[in-house]
Amino acid sequence: MSTVLIIGTTGTVGGLVLEEALRRDLDVRALVRDKKRASGLSDAVELVEGDLGDRDAVRAALAGTRAALYVSPHEANEVELARIFGEEAERSGTRLVFGGFHIPDPAERAAAARAIPAYEAKLRLAASLADSSTRPVMVNLPNFAQNDEIFREDILGGTFPTPLHPDGVNRVDLRDAAEVITTALADPDFPAGSYKVVGPESLSGEQSARIWAEELGRPVRYTGDDPNWREALAARLSGRKLEDWIRSFELLGSMPLPTDPADVEATTELLGHAPRSFRDYVHHTATHWH
Ligand SMILES: NC(=O)c1ccc[n+]([C@@H]2O[C@H](COP(=O)([O-])OP(=O)(O)OC[C@H]3O[C@@H](n4cnc5c(N)ncnc54)[C@H](OP(=O)(O)O)[C@@H]3O)[C@@H](O)[C@H]2O)c1
């Protein structure tokens with residue numbers, strides 16, 4: 001029972017959790033839709049092919065695992081996919097670790113769902129996983145710094161295209177989230193519950209662009225306030241993921257996401273170090289891009 005299951009390893013959150021789990025020498029199994037797309041993954045990973053909508057495949061992937069990461073994919077039936085995964089995790093006695101959007105307080109969650117109807121399904125599926133009998137660890141994440149990598153060509157070409165409110169949006173480096181999630185996957189004594197993992201500061205689109213410009217040593221102009229910003233996203237994304245991102249950035253452009261010092265302190269305690277700054281993330285990424 002020492003194996004941990006990670007889903008979404010060809011994506012952003014799952015990919016970084018996989019890296020961290022391998023760094024810590026965990027026995028890792030990955031559920032992938034297409035082994036060919038997962039060909040870049042380390043040989044140390046046991047691959048199980050299947051779709052989250054296929055209950056038999058999910059059951060086979062969870063068999064004999066001690067813990068599993070669940071990230072809700074950009075799929076129209078994401079509530080149903082989470083239900084299947086939660087039920088099968090309960091059946092196999094696997095602890096569930098969730099990374100994504102979750103508001104634990106029912107009254108706050110209901111208010112958020114009323115204010116942002118597009119997020120109602122996401123909030124509902126996370127709440128149902130939190131209610132499962134899997135001793136779940138729910139890791140709630142703000143805006144990902146790693147989103148910017150989708151726009152590598154734009155940024156290198158001199159524009160930063162995603163809207164972020166002038167009063168700032170908290171941006172988390174997912175390497176920090178991956179550390180906390182991997183600890184929860186590895187440690188059976190990690191207390192069940194809901195945790196926020198945040199970045200140390202809130203940044204506007206202008207500030208984010210300036211940091212990219214400084215670290216790359218070339219001009220990067222914020223264009224998230226251009227009325228045509230959706231076209232920049234459509235050039236890099238498609239389908240349901242594009243729809244989800246447009247909705248998210250409509251929100252992040254119109255509403256700040258402030259940084260609560262208590263959340264930064266709690267994140268520091270979980271990590272055992274201060275959360276990485278956005279500049280640290282950009283410096284690291286720009287070095288790879290060079
Ligand atoms: N971006 C943000 O700033 C942000 C902030 C907070 C929360 N979130 C939440 O984070 C989640 C997205 O995480 P992410 O960025 O890591 O996603 P992502 O990069 O789009 O990766 C999605 C992963 O899920 C896999 N997948 C998709 N549909 C599947 C299916 N039916 N069966 C099995 N695997 C499937 C994909 O595999 P394939 O290779 O087969 O496609 C991919 O590995 C969303 O729920 C979002 O709301 C995002």
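This briefing walks through the ligand shell, the two domains and three helix pairs of the structure above. The model is a predicted one. Its domain assignment gives domain 1 (3–140) and domain 2 (145–170 + 200–258 + 276–289). A ligand is present, with 27 residues around it. The helix pairs come last, each with its angle, its axis distance and the residues that meet.

**Around the ligand**

- Of the 27 residues that surround the ligand, the ones that come nearest are G8, T10, G11, R33 and P73.
- At least two residues of the shell come from helix 1 (12–23), and at least two from strand 7 (143–144).
- Helix 1 is the top contributor here, giving three residues to the shell around the ligand.
- By class, the shell around the ligand holds 12 polar residues, eight nonpolar and seven charged.

**The two domains**

- Domain 1 covers residues 3–140, while domain 2 is assembled from the segments 145–170, 200–258 and 276–289.
- Taken over C-alpha atoms, the centres of domain 1 and domain 2 are separated by 26 Å.
- Six residues from domain 1 and six residues from domain 2 take part in the contact.
- On the side of domain 1 that touches domain 2, you will find three nonpolar, two polar and one charged residues.

**Helix 4 and helix 5**

- Helix 4 (residues 106–115) and helix 5 (residues 120–130) have axes that come within 9 Å and cross at roughly 155 degrees.
- Angles over 145 degrees count as roughly antiparallel, so helix 4 and helix 5 are roughly antiparallel to each other.
- Helix 4 brings R109, A112 and A113 to the contact, and helix 5 brings E120, L123 and A127.
- The contact of helix 4 with helix 5 has four nonpolar and two charged residues, with no polar ones.

**Helix 7 and helix 11**

- Helix 7 (residues 174–186) packs with helix 11 (residues 261–271) at an angle of about 55 degrees, and their axes are 10 Å apart.
- That angle makes helix 7 oblique to helix 11.
- The crossing of helix 7 past helix 11 is left-handed.
- From helix 7, D176, E179 and V180 meet T267, L270 and L271 of helix 11.
- Sorted by class, the contact of helix 7 with helix 11 comprises three nonpolar, one polar and two charged residues.

**Helix 8 and helix 12**

- The axes of helix 8 (residues 205–216) and helix 12 (residues 278–289) cross at roughly 40 degrees and come within 9 Å.
- Helix 8 and helix 12 are therefore oblique to each other.
- In this pair, helix 8 passes helix 12 in a right-handed crossing.
- Helix 8 contributes S208, I211, W212, E215 and L216, which meet F278, R279, V282, H283 and A286 in helix 12.
- Six nonpolar, two polar and two charged residues make up the contact of helix 8 with helix 12.

Definitions and conventions. Residues numbered from 1 in each chain as written. Predicted model: local features only at pLDDT ≥ 70, side-chain atom pairs only at ≥ 80, totals over all residues. Near = placed C-beta within 6 Å. Helix = DSSP H or I, 4+ residues; strand = E, 2+ residues; numbered from the N terminus. Nonpolar A, V, L, I, M, F, W, Y, C, P; charged D, E, K, R; others polar. Axes fitted to C-alpha atoms, helices over the stretch in contact; angles between N-to-C directions. Parallel < 35°, antiparallel > 145°, perpendicular 65-115°, else oblique. Left-handed = near helix turned anticlockwise from the far one by under 90°. Contact = placed C-beta atoms within 7 Å. Domains from an automatic or database assignment.
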